Amino acid sequence: MAAPPRRAAPGRSGGGGGAGRAEPGRLREGDGMVSPGERQPPAGSAGNLAALSELDEASLLRGLRERFLRQQVYTDVGDILIALNPFQPLQLYGREVSEQYRCHHEGSLPPHIFAVADRAYHAMLGRRGARPQSQCIVISGESGAGKTESTKLLLQHIMNLCKGNSQLEQQILQVNPLLEAFGNAQTVMNDNSSRFGKYIQLRFQNNTVRGAKLSEYLLEKSRVVQQDTGERNFHIFYYMFAGLSSEEKEMYGLLDPSLYRYISGRFGTEDVAQRWKQKYQEVCNALDMVGFQEQEQVDMQSILAGVLSLGNVTFEPPESSGSLKMSEASRGWLKAAAGQFGVQEDELLKCLICTMSVTRGEQIQRFHTQQQAEDARDSIAKVAYGRVFGWIVSKINELLAENVDPEVELREIGILDIFGFENFAVNRFEQLCINLANEQLQHFFNHHIFQLEQAAYREEELPWETITFNNNEPILNLLLAKPLGLLSLLDEQSAFPQATDKTFVDKLNSSFKGNSHFQPARGRVLAFSIIHYAGKVQYTAGGFLEKNRDTLPANVRGLFINSVTPLLSVLFTATVSRTGTLMPHVKAKIIPEAENKFNSTRKQSAGAQFRHSLMVLMERMYSANPHFVRCIKPNSQKEPGVVDNQMLLQQLRYNGLLETIRIRRDGFSWRPSFEEFAERYGILLVKPDVSLTKESCLEILQSTDLTGWICGKSRLFFKYWHQEQLAKYVERLARAAVVIQKVFRGFRCRKSYLKLVAELRAQAQRQREEAERERSRQQAMEAEAQKRISLPIPVPRKRLPRPGPRPETAHDMPPVPRPRSKLTEFTPFDNFLHPTEPRPALGTEEQTGEEAKMRQLKRGATLRWFRETQAQKVMQDDGAFPSWLHGMISRREAENLLIDKPLGCFLVRISQSRPGYTLTYRGEGRCRHYMIEMQPNARYVILGEDRAHTSLTELVRYHQTVGIQPFMEILTVPCGQQ
């Protein structure tokens, strides 16, 4: 551990002065002088370890332990969040809590995962003291530390922040349960362990989410065919057995789950099965919500059933000079697998027991050994499942892609949820790749927290004693260097047909002899050890070459391309990118002479694909502004309220948390250049044309009460909380600007209003004067005419007609209110007009006619849509429509129908302006209208809901028991038609 470092005392900028020696406790830099200032975070930051007065392992451990036992699972280290897994549900994540952390000020609320999401969202929009920039949130920790749950909570809060009443937000939230089912499994360390890595990119236009993209890394395909003691296969297999009905199981050819070797008969108790059944329904709903077609879902489950059936195919050892045979008990399983895959049974068997090759135009058949046949069977199962998973990710990206003009600039928030560091009793190729990814993340963390910051201090020549930290670059070089890194040597050995796992280990032992981070295994054990940043891990080398080659038996690709199952054909027609991503819309290039080969182009190894994908991921993350969430596992028994001090301390050490606290407490995490700072905060001087210079920066800072900052040669150095304080100054000016705008706009509108009133009064006066002149002229003409008439002629008096008797029914008929036409509606200026003058009309007949024509066209199109696509679906068995369906009526007509109905009464009407429906609900004191959207996969969704329905009737039935969000209103009585 480094000695307590000597650092410059930060302070507030003082007056100008010449160069000279800095006084004790003061730093003189150029023309500005910095006096001593505060070292601690501002008041109100309880739960921030950067405020510890005593900084050692004991006080750090004590602080985390005490907070955890009070169910305060979140703790800040400056702007880094420490999250301890509580292993139990907590009342910390409801809508009310999410609203509290919406646009909150730092330090005003306890540390929370929602605060990280809020900080990243507003920083992306440029509201946190910096220019708008893409952000990334890096979640790291051991397996079982809570990374997957943290990802879901981050997504939940970000979607709440950008709420735009869009179905896209609900679709994005459904991605996680879908991927968990296909990519997570139970391990000895975690009941819901991610067996792949994912990076979710949320793309925003201004403050609205417009699309999402998902990248997946290194799915643990070997889990499909083999699980260690106490572990399970991927969740989806168990969900299918628990959730499918008997008829559906028969359709897919599924039998009792205890019969299948790939899931080892580990099905669980009745309670577990009931939970899996509910999970299966959630998966089906997620598939519907995201937009998967029904036929695609059927094909996908058929392929998964085929994978399970194929696993039960076994082989008998060949007799002397005989060929390999399939066991008699396996014939039924082979037939089932062929049917589920949609291929010929004999062709599938050929792919398992022999290899076909062409030499000089002659076809040669080579039979496999029993081990080769079993490897071929497992390879088919692994590749089929891996391609299904890759297709799901590709389909999600296609359905959630942004639909905006390519020229529109979009910003991103990326969330990285990747497998945690693993050290099992037996560690294989997958664990090596997983731990390599964690080494990269630790290096990314060190780079941003230690290396960049301390390099800036040296560059600016600030007095600073270097903080030592555990630099893991040598380990990354051991694994990734070319041409002598571990993965390069693995690729080299994989290219030799005669190479074995033993030759690979021998190569490692000779190449890394003397490397302090590599240890050969003792004795004759086929293994090696690597000293990672988190500790020593021994890897069993058996199977390394086979998994890295990731080969598929010859002729299998051609067989599956010709499958009658459309999805399977698509999966094997697609090509795989350099990073291992499946691209269904890009067909793989095949050399005609080698149609039966798995891949005629140069195939990337699994290790090379993972290395390339990791490189792309790092490029994305280095181009964004990072936020860190460090997940900690308090105990290995997954018990709530229990803290294993030794385990906690070990994680704090290898995460470098003590050093992180020290650099966050004494360092300066925000380091803007003079130009960037003056451009952003020049508004605080409240004067035009602020120059982007050091002097302007000092003048800006002197206008505030900010303390604890330092001025360097080319940039300013601030504590992590200074951005929040500066944001408050800007916010105060923004509020003042709003008041000024309000007053000015009011003045301008009032001036325009009075001018218009004066014009109207003048116009009315002119009209009255003109009318008076016309009346005088008429009177003069009448007087002139009277003079020409000699004597008046008496006119007989007319008898007034007597009123007839009123109809008897007239007394009983109430007056009918007639709505006023917009064309004769009064204007706001009517009380200034003469009461006898005509009111000015709004709009014209021509405009109204055009609008009416457009409305009529839309109504006609919607009615055709209903007749052609919906009528048969909505109609009941007796040929009548449901009583709650009221056809195409207006919003006002629907409200009039429900006005005297009881609370909870409802009706569904056909929309007048778009193909779709609207549900009108009689609420407390008012009616509410919910839009019902039709998705491309023919599912019905109430806008803002997280559940899709196969029919309108099913939607109504569901919400007769489950309330509609956000008011949780339950449909009770349908409004019948009179």
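A disulfide is a pair of cysteine sulfur atoms within 2.5 Å, and the first view below rests on that cut-off. All views show a predicted model.

**View 1. Cysteine 354 and its closest cysteine sulfur.** The structure holds 0 disulfides, and the surroundings of cysteine 354 show how one such residue stays unpaired. Because the closest cysteine sulfur, that of cysteine 351, lies 7.8 Å from the sulfur of cysteine 354, the two are too far apart for a bond. Cysteine 354 is also buried, with a relative accessible area of 3%.

**View 2. Leucine 486 within the largest nonpolar core.** The largest nonpolar core has 194 residues, and Phe182 and Leu486 are those with the most contacts inside it. Helix H14, which covers residues 429-459, gives the most to this core, contributing 13 residues. When residues up to four places away in sequence are not counted, leucine 486 touches Leu432, Leu478, Leu479, Phe504, Leu508, Phe512, Phe528 and Ile530. A second core, separate from this one, has 22 residues, including Trp865, Ile932, Ile942 and Leu952.

**View 3. The open sheet of strands E15, E16 and E17.** Three strands form an open sheet in the order E15-E16-E17, and their pairing is antiparallel. Strand E15 (518-520) and strand E17 (535-540) stand at the edges with a single partner strand each, so that one side of each is left without a neighbour in the sheet. From one strand to the next, the twist averages 25°. Between E15 and strand E16 (residues 527-532) the antiparallel pairing extends over 3 bridges, and phenylalanine 518 stands opposite isoleucine 530 in E16. Helix H15, made of residues 473-480, lies across E15 and E16 and runs at about 150° to E16.

**View 4. Asparagine 435 in helix H14.** Asparagine 435 has its place in helix H14, where this residue is buried, with a relative accessible area of 0%. Leaving aside residues up to four places away in sequence, asparagine 435 touches Phe421, Glu422, His532, Val537 and Tyr539.

**View 5. Helix H20 and its buried residues.** Helix H20 spans residues 566-573, and because 6 of its 8 residues are buried, the helix is largely enclosed by the rest of the structure. The buried residues in H20 are Leu567, Leu568, Ser569, Leu571, Phe572 and Thr573.

**View 6. The open sheet of strands E23 to E26.** This open sheet has 4 strands in the order E23-E24-E25-E26, again with antiparallel pairing. At its edges are strand E23 (906-910) and strand E26 (940-942), each of which pairs on one side only. The twist averages 25° from one strand to the next. Strand E25 (residues 927-934) and E26 run antiparallel and are joined by 3 bridges, with isoleucine 932 standing opposite isoleucine 942 in E26. Helix H28 (residues 891-898) packs on the sheet, where it touches E23, strand E24 (917-922) and E25, and its direction makes about 160° with that of E23.

**View 7. Stretches of low pLDDT.** The mean pLDDT of the protein is 82, and 85% of its residues reach 70 or more. Over residues 1-45, however, the pLDDT is below 50, although this stretch has 118 contacts in the model beyond near neighbours in sequence. The pLDDT is also below 50 over residues 591-602, a stretch with 12 contacts in the model beyond near neighbours in sequence.

Notes
Residues numbered from 1 in each chain as written. Predicted model: local features only at pLDDT ≥ 70, side-chain atom pairs only at ≥ 80, totals over all residues. Heavy atoms only, no water. Core = buried A, V, L, I, M, F, W, Y, C linked by side-chain atoms within 4.5 Å. Buried < 20%, exposed > 50% of the residue type's maximum accessible area, 1.4 Å probe, protein only. Helix = DSSP H or I, 4+ residues; strand = E, 2+ residues; numbered from the N terminus. Contact = heavy atoms within 4.5 Å. pLDDT = per-residue confidence, 0-100. Pairing = 2+ DSSP bridges. Axes fitted to C-alpha atoms, helices over the stretch in contact; angles between N-to-C directions.
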